[in-house]
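Subject: Handing over the two-chain model

Hello,

Here is the structure I promised to pass on to you. Please open it alongside this message, and then read on for what turned up in it.

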Amino acid sequence: MSHAPQHLDAARYTWGGDEFLFVEISESMSLAANFKANAMAARLSAREIDGVVDICPANASLLLRFDPDTVPPDQLEALVRQVEEEVAQLSEQTLETRIIEIPVWYDDPYTRETGARFRKGHQRPDGTDLDFAAEENGLSSPQEFIRKHHESPWLVSMVGFVAGLPFMFQIVPQEEQLEVPKYLSPRTDTPPLTVGHGGCFACIYSVRGAGGYQMFGLAAAPIFDPAQKLPDFSDFMIFFRPGDIVKFRPVDEDAYKAIQAEVDAGTFTYRQTPVTFDLQKALTDPTAHNRDILEKLNGL
Amino acid sequence: MAFDILEPGLATSVQDRGRFGHYNVGIPQGGAMDQLSASMANALVGNTAGDAVLECAYLGPRFTTDADTVIAVAGAPVTVQVNGKPADQWTRLSLKAGDEVSFGMLSGGTRYYIAVQGGIDVPEVLGSRSTYTLGALGGFQGRTLTAGDTVPVGAPSGSPSPRDVIPEELRPAYAKKVTVRILPGLYDHRLTAEGMETLVSTAWKLTPVADRMGLRYSGPALEWKPRVQPFGAGSDPSNIVDAGYAIGSIQVPGGKEPIVLHRDAVSGGGYAMVATVISADMDVVARSAPGTLTHFEPVTMEQALAARADAAKVRRAVWG
């Protein structure tokens, strides 16, 4: 019962033109690769390197944008390699983060309607995305898939694609990961706050637009608020940060509507609390790790 | 003062040099697609290079000004009209309150820029006035213009313009055949040698699927090396574990129809990128109209940096 691979080889460095340095931590997704990407990003941020414009940690890689007139490419690469070395030497692989409860109305009529509009060409033209996801994972019913989806917490492994969209990786052993292929041909439309899934990643669509992930339900509250009306957005218009831990909570139509009313009134706040993510513990005993962090949330 | 928009045009938006430092949460740099042309328009009216302009794609707006002012139009060749009479591009135009500005058809390229003395004065969002339509952020209410909009214009700085006209030798070209320099890298090792050879030897034709996010080209399929896909990467050989996308990077979903990501790029995704357009040639891509034949020419980092220095020289020449 462990995540493969735990051992990471040295990262691969390559250039995205004259303004981007790409560091591939690992070809495959793992908690360890994501932890390393985030740890390197945090250390690079703290160094406040002149000429570094953007530091973008992703699932198993890191993308830096830089101004080569300020920091020459070879100098930047040397600095990033130094930081990679520092992270490799860490004796404690922990991340001070937060766990957040995200209410989701699973299998709601709006998502069903969107799914129905894009049935043609879907892997499962005569069912729903949830039916397909359950079958792909050898589960007896969509309800069983939904249970597995919200039962264990997820790590936000990357924020992006479009503004504020979280990619999430479930903190469970690899053999228990929910894996679902993406749409064969991407949809031209996805309602905002749709909870999606592609490959081993969950996501929440932050804005309306194209999308290729299977759709399971609707998150009840905003995750991107350019007007910054809600208290959780007073500092920044985007809610999620890489390293956040998410616990989905299933809600029914009444609870969904009650949350929507709070959002409209400007009073909604997410239930959240600080926790420590411990990579080794998450890898060796995810059940205990998840129980501990969920207790913090439930103790609120 | 303000412009009153009578007809919005196809996709007219407020843009400046862009919004930096938020790509890590998926907010792209945005900004004028053709940065050099936007900067030339600003230079003509005595603005700074950082002032916001109107970017007009294909079909421009029709608007009136509510006060005397000075504007300039630079970029793709288009007929400009003030109160129905022809006016010049690449120079300063004095307007009286009530004057109406309109545009004819493009005779090349894709986008032109209207600079006004004082700049378009919408609020800055995250350090920029650029419009990010997908996120409904920045610009004029986070969207392209519509009829009836009143677009605010800032107070002139009073600085003299560095030049009265952009001389022909400084103006960009709007060709039907272009060479775009690329730096191979990122996931180029996933292509076979033949696949890479196809990328750099083909005359790629720009399809109509081209906007501020990216531009799609048609041509032969590229061949990927076979492999057992890594965990989390997806089943197609062109898939990777979702990663950050460099702006200007070239991805080839399914090995067909390369896409060059541009200034409103999605910040990440699961398609392997095999090269990146060098910074000096991003404007060249921006000016390409559908049908443009494009040759991707591989260069080294040293050559990319030399081209970048050359582009900076042109910018300095504009500002005198």
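One definition first, as the hairpin below needs it: two strands count as paired if DSSP finds at least two bridges between them. Please also keep in mind that this is a predicted model.

**The hairpin at the start of chain A**

S1(A) and S2(A) are antiparallel partners, joined over 5 bridges. Their hairpin has 3 residues between the strands, and in it A:Gly17 adopts a positive phi near 70°. Just before that residue comes A:Gly16, which belongs to strand S1 of chain A. Its bridge partner in S2(A) is A:Phe20.

Is A:Gly16 buried or exposed? A:Gly16 counts as buried, because it has 26 C-beta neighbours inside 10 Å, and 20 or more are enough for that label. Part of its surroundings comes from the other chain: leaving aside neighbours within four places in sequence, A:Gly16 is in contact with A:Phe22 and also with B:Gly185, B:Leu186, B:Ala246, B:Ser249 and B:Thr276. Along its own chain, A:Leu64 is 48 residues away from A:Gly16, and the C-alpha atoms of the two are separated by 9.3 Å.

**The sheet around it**

The hairpin is part of an open sheet of 4 strands in chain A, with the order S1-S2-S4-S3 and antiparallel pairing. S1 and S3 of chain A are the edge strands, each pairing on one side only. On average, neighbouring strands of this sheet are turned by 15° against each other, direction ignored.

S2(A) and S4(A) pair in the antiparallel sense over 5 bridges. Two of the facing pairs are worth finding on screen: A:Phe22 stands opposite A:Leu63 in S4(A), and A:Leu21 has A:Leu64 of S4(A) as its bridge partner.

Two helices pack on the sheet. Helix H1 (residues 31-47) of chain A touches S3 and S4 of chain A, and its direction makes about 160° with that of S3(A). Helix H2 (residues 73-88) of chain A touches S1, S2 and S4 of chain A, at about 30° to the direction of S2(A).

How many residues of S2(A) are buried? The count is 5 of the 5, so S2(A) is largely enclosed by the rest of the structure. Both of its faces are covered, with A:Phe20, A:Phe22 and A:Glu24 buried on one side and A:Leu21 and A:Val23 buried on the other.

**Where the chains meet**

The contact between the chains takes 42 residues from chain A and 40 residues from chain B. On the chain A side, the elements that give two or more residues are strands S1 (12-16), S2 (20-24), S3 (52-57), S4 (61-66) and S6 (154-159). The largest share, 4 residues, comes from S3(A). By class, the side of chain A that touches chain B has 25 nonpolar, 11 polar and 6 charged residues.

**Further along chain A**

Strand S11 (residues 245-250) of chain A pairs with two other strands that I looked at. With strand S5 (residues 94-106) of chain A the pairing is parallel, over 6 bridges, and A:Glu101 stands opposite A:Lys247 in S11(A). With S6(A) the pairing is antiparallel, through 2 bridges, and A:Leu155 has A:Ile245 in S11(A) as its bridge partner.

There is also a helix pair to look at. The axes of helix H4 (residues 129-136) and helix H5 (residues 142-151) of chain A come within 8 Å and cross at roughly 80°, which means that H4(A) is roughly perpendicular to H5(A). The residues that meet are A:Leu130, A:Asp131, A:Ala133 and A:Ala134 in H4(A) and A:Pro142, A:Glu144 and A:Phe145 in H5(A). They divide into 5 nonpolar, no polar and 2 charged.

**Chain B**

Chain B is divided into domain 1 (2-169) and domain 2 (177-318), with C-alpha centres 28 Å apart. Their contact takes 22 residues from domain 1 and 15 residues from domain 2. Helix H1 (residues 35-44) of chain B gives the most to the domain 1 side, with 5 residues.

Last comes B:Glu302, in helix H4 (residues 301-318) of chain B. B:Glu302 is exposed, because it has 10 other C-beta atoms within 10 Å, where 12 or fewer is the cut-off.

Happy browsing!

Technical notes
Residues numbered from 1 in each chain as written. Chains lettered and ligands numbered in written order. Predicted model: local features only at pLDDT ≥ 70, side-chain atom pairs only at ≥ 80, totals over all residues. Contact = placed C-beta atoms within 7 Å. Nonpolar A, V, L, I, M, F, W, Y, C, P; charged D, E, K, R; others polar. Axes fitted to C-alpha atoms, helices over the stretch in contact; angles between N-to-C directions. Parallel < 35°, antiparallel > 145°, perpendicular 65-115°, else oblique. Domains from an automatic or database assignment.
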